[in-house]
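Okay, thanks for coming, everyone. I'll put the sequence and the model up on the screen, and then we'll walk through a few spots together.

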Amino acid sequence: MSLLHHLEEIEVKKCGSIESLFNIDLDCVDAIGEKHNMRSLRNIKVKNSWKLREVWSIKGENNSCPLVCGFEAVESISIESCKSFRNVFTPTTTNFNMGALLEISIDDCGEYMDFNFIFLLN
């Protein structure tokens with residue numbers, strides 16, 4: 001698992017079995033921090049993955065660390081032609097540090113219309 005700390009891009013194509021890219025159970029971990037993160041991850045791309053419903057699925061409660069850390073370097077998220085896609089985060093009230101995020105592109109997914117976000121943060 002230590003090699004995942006160096007992972008800069010995740011690209012998934014034509015995968016019919018993945019429902020979420022990251023399944024995080026806060027009841028099973030103390031915190032998402034230095035040991036359990038992917039601080040080098042910059043780009044997430046998913047295309048033609050029919051069962052994908054969300055990028056991050058968060059389960060459980062962790063009152064001591066309500067902010068999910070470890071994905072601060074993610075700059076772009078691209079989801080294309082994923083018919084079951086519903087949310088970037090589930091639950092939608094999850095607190096993430098996404099300070100480097102510049103672009104989210106979701107095209108031809110679920111019942112959503114195509115849309116692109118570009119965040120300009122200083």
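So, leaving aside its neighbours within four places in sequence, which residues is Ser76 in contact with? Before I answer, some housekeeping: this is a predicted model, so local features need pLDDT of at least 70, side-chain atom pairs count only at pLDDT 80 or more, and totals for chains, interfaces and linings use all residues. Residues are numbered from 1 along each chain as its sequence is written, and side-chain values use heavy atoms, with hydrogens and water left out.

Right, back to Ser76. With those sequence neighbours set aside, its contacts are Arg42, Asn43, Ile44, Leu101 and Glu103, where contact means heavy atoms within 4.5 Å. Ser76 sits in strand S6, residues 76–80; strands here are DSSP runs of E, at least two residues, and helices are runs of H or I, at least four, numbered from the N terminus. Ser76 has 17% relative accessibility, so it counts as buried. The cut-offs are under 20% relative accessible area for buried, over 50% for exposed, and partly exposed in between, with a 1.4 Å probe and protein chains only.

Next, have a look at strand S4, residues 54–59. Five of its six residues are buried, so S4 is largely enclosed by the rest of the structure. And what does S4 pair with? There's strand S2, residues 20–25, which pairs with S4 in the parallel sense over five bridges; pairing takes at least two DSSP bridges between the strands. One of the bridge partnerships there is Ser20 with Glu54. Then there's strand S7, residues 87–90, also parallel to S4 and joined to it by three bridges. Over there, Ser57 has Thr90 as its bridge partner.

Now Met98, in the loop between strand S8 (95–96) and strand S9 (103–107). Is Met98 buried or exposed? At 13% relative accessibility, buried. Not counting residues up to four places away in sequence, Met98 touches Trp56, Phe71, Val74, Ile77 and Phe89. Its C-alpha is 7.1 Å from that of Ala73, 25 residues apart along the chain.

Last stop, the cysteines. How many disulfides does a search of the whole structure find? Zero, taking a disulfide as a pair of cysteine sulfur atoms within 2.5 Å. For Cys15, the closest cysteine sulfur is in Cys82, 9.8 Å away, so that's too far for a bond. Cys109 is in no disulfide either: its nearest cysteine sulfur, again that of Cys82, is 4.9 Å off. And Cys109 is buried, at 1% relative accessibility.

That's my tour, over to you.
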